[in-house]
Amino acid sequence: MTAIAAVLLVGCGSGGGDDETASADASNGSDGASEPVNLIFGTGGTSGSYYPIGGALKGVFEASDAVDNVQVVSTGASVQNINNIEDGTNQIALVMSDVAYDAINGQNQFEDREADIKTIAGLYPNVVQIVATADSDIESVADMEGKRIGVGKVGSGVEASAKKVIEAAGMTYDDLGKVSHTGYADSVTEMGNGNLDAAFFTSGVPNSSITGLMQNTEVNFIEVDGDTASKLLDKYPYYEEYEIPANAAERYDLDEAVNTVAIRNILIVPGSMESRVSEELASRLYDYLGTDKVSVGALKGFDRSTMGQDLVVPLADGAKTFYEPNGDSEDSGDEGDTSSSDDSDNSDDSA
């Protein structure tokens, strides 16, 4: 009996060692031991850009041996996507840089809880676009004092940008004549009816709601420049300068260029993602963007060589490994610190 017990113990020890070795190989990203992963891809509302981007990238990522299946799901966009990454509901997601910055620093909606997220790639910018009716006498952000302004839905990314721009101009909501928490469609309707003087739109360029408004209403684009832009750029590292060009038929066909600011969209994953997987995601996305197979307008107009640069959320280890040989990665995303077609209207992607 003693001899039999000894044999059994040796057998159990041998089997356990194999399991532990396999487990260690998997966690270390060994190609011989790791199983392909399943990813639930958090996007945004079905009418915005995030959802079709997820659909387009599903097959791109599934072509990798490191990925078995990608399930694309519609969500409430940035804030929900980060919450879903944190609780394991999603394993990859699209978000706006400002929300992600708040998340890793545990502030605003994420107060007292720092999210463990990393970046796979920086993508196209969401541009702060302020449009006023021609008879509103609004020529600058400061001119919005006492006027009726649409600032986006409560808690949305549009409203977050509107508040910051108004603040940078030395005002608060109290200085406005009326604050209307209207989404894009309702803002356009109210401006057309003469009930609003101006409205904020934070999306890709062009925004289809603005394009529709311009067909029936004479409007002015209000610049975010000078001291207002400087204060935003100095205080918030996720803002960048952006110019809406003149005489570009696919960009509103404006007589003069409009200077404003923008917030980049990024593709994120959990900080715990295996390096082999994050490297494959970055590689597959980079290669895809260099082909003629890109179907979503929002992914067509930005420079893919910037995917690893100027990020407010640090790169995942594997993604960093991929970008560095090409010289496309910068250490600008340490803790704490381009344009698109008509389907880039991120009306449901800004939360």
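**Exercise 1. Work out how exposed Arg 148 is, and what its salt bridge with Asp 197 ties together.**

Solution. Start with accessibility: in this predicted model, Arg 148 has a relative accessible area of 29%. Buried means under 20% and exposed over 50%, so Arg 148 lands in between, as partly exposed. Now do the partner: Asp 197 comes in at 10% and counts as buried.

Next, check the pairing itself. The closest N and O atoms of Arg 148 and Asp 197 are 2.9 Å apart, and the cut-off for a salt bridge is 4 Å, so the two form one.

Last, place both ends. Arg 148 sits in strand β5 (residues 148–150), while Asp 197 is in the loop between α6 (184–192) and β7 (198–203), so the bridge ties together parts that are 49 residues apart in sequence. A search of the whole structure turns up five salt bridges, and this is one of them.

**Exercise 2. Take the salt bridges Arg 276 with Glu 274 and Glu 280 with Arg 284, and sort their residues into buried or partly exposed.**

Solution. Go pair by pair.

- Arg 276 and Glu 274 meet at 2.7 Å, N to O. Arg 276 is buried at 14%, whereas Glu 274, at 22%, is partly exposed.
- Glu 280 and Arg 284 meet at 3.4 Å, N to O. Glu 280 is partly exposed at 23%, and Arg 284 is partly exposed at 29%.

Then look at where the second pair lives: Glu 280 and Arg 284 are both in helix α9 (residues 275–289), four residues apart, or about one turn of the helix.

**Exercise 3. Arg 264 is buried; find out what its side chain reaches.**

Solution. First, locate Arg 264: strand β10, residues 258–270. Then hunt for an opposite charge. The nearest such side chain is Glu 240, 5.2 Å away. A salt bridge needs 4 Å or less, so Arg 264 has none. Finally, check the backbone: the Arg 264 side chain reaches the backbone oxygen of Thr 306 at 2.6 Å.

**Exercise 4. Describe the largest nonpolar core and the surroundings of Phe 61.**

Solution. The core has 102 residues, and the members touching the most others are Phe 61, Ile 82, Ile 117, Phe 200 and Leu 281. Strand β4 (residues 117–133) supplies the largest share, ten residues.

Now zoom in on Phe 61. Skipping neighbours within four places in sequence, its contacts include Phe 41, Val 67, Val 70, Ile 92 and Leu 267. Leu 281, Arg 284 and Leu 285 are also among them. You've met Arg 284 already, as the salt-bridge partner of Glu 280.

**Exercise 5. Classify the ring pair Tyr 238 and Tyr 239 as stacked, edge-to-face or tilted.**

Solution. The ring centres are 5.4 Å apart and the planes sit at 40°. Stacked takes under 30 degrees and edge-to-face over 60, so this pair is tilted. Both rings belong to buried residues: Tyr 238 has 5% relative accessible area and Tyr 239 has 6%. Widen the view and Tyr 101 and Tyr 236 join them in one aromatic cluster. The structure holds eight aromatic pairs.

**Exercise 6. Find what Leu 289 contacts beyond its sequence neighbours.**

Solution. Leu 289 is in helix α9 and is buried at 13%. Leaving out neighbours within four places, it contacts Val 294, Leu 299, Phe 302, Arg 304 and Met 307. For Leu 299, the separation is ten residues in sequence and 7.4 Å in space, C-alpha to C-alpha.

Definitions and conventions:
Residues are numbered from 1 along each chain as its sequence is written. This is a predicted model: local features need pLDDT of at least 70, side-chain atom pairs count only at pLDDT 80 or more; totals for chains, interfaces and linings use all residues. Side-chain values use heavy atoms; hydrogens and water are left out. Helices (H or I, at least four residues) and strands (E, at least two) are DSSP runs, numbered from the N terminus. Buried means under 20% relative accessible area, exposed over 50%, partly exposed in between (1.4 Å probe, protein chains only). Lys and Arg count as positive and Asp and Glu as negative; His and the chain ends are not counted. A polar contact is a pair of N or O atoms within 3.5 Å; within protein, one must be able to donate a hydrogen and the other to accept it, and residues adjacent in sequence count only if both atoms are side-chain atoms. A nonpolar core is a set of buried Ala, Val, Leu, Ile, Met, Phe, Trp, Tyr and Cys residues joined through side-chain atoms within 4.5 Å. Contact means heavy atoms within 4.5 Å. Rings of Phe, Tyr and Trp (its six-membered ring) pair if their centres lie within 6.5 Å; planes under 30 degrees apart count as stacked, over 60 as edge-to-face and the rest as tilted.
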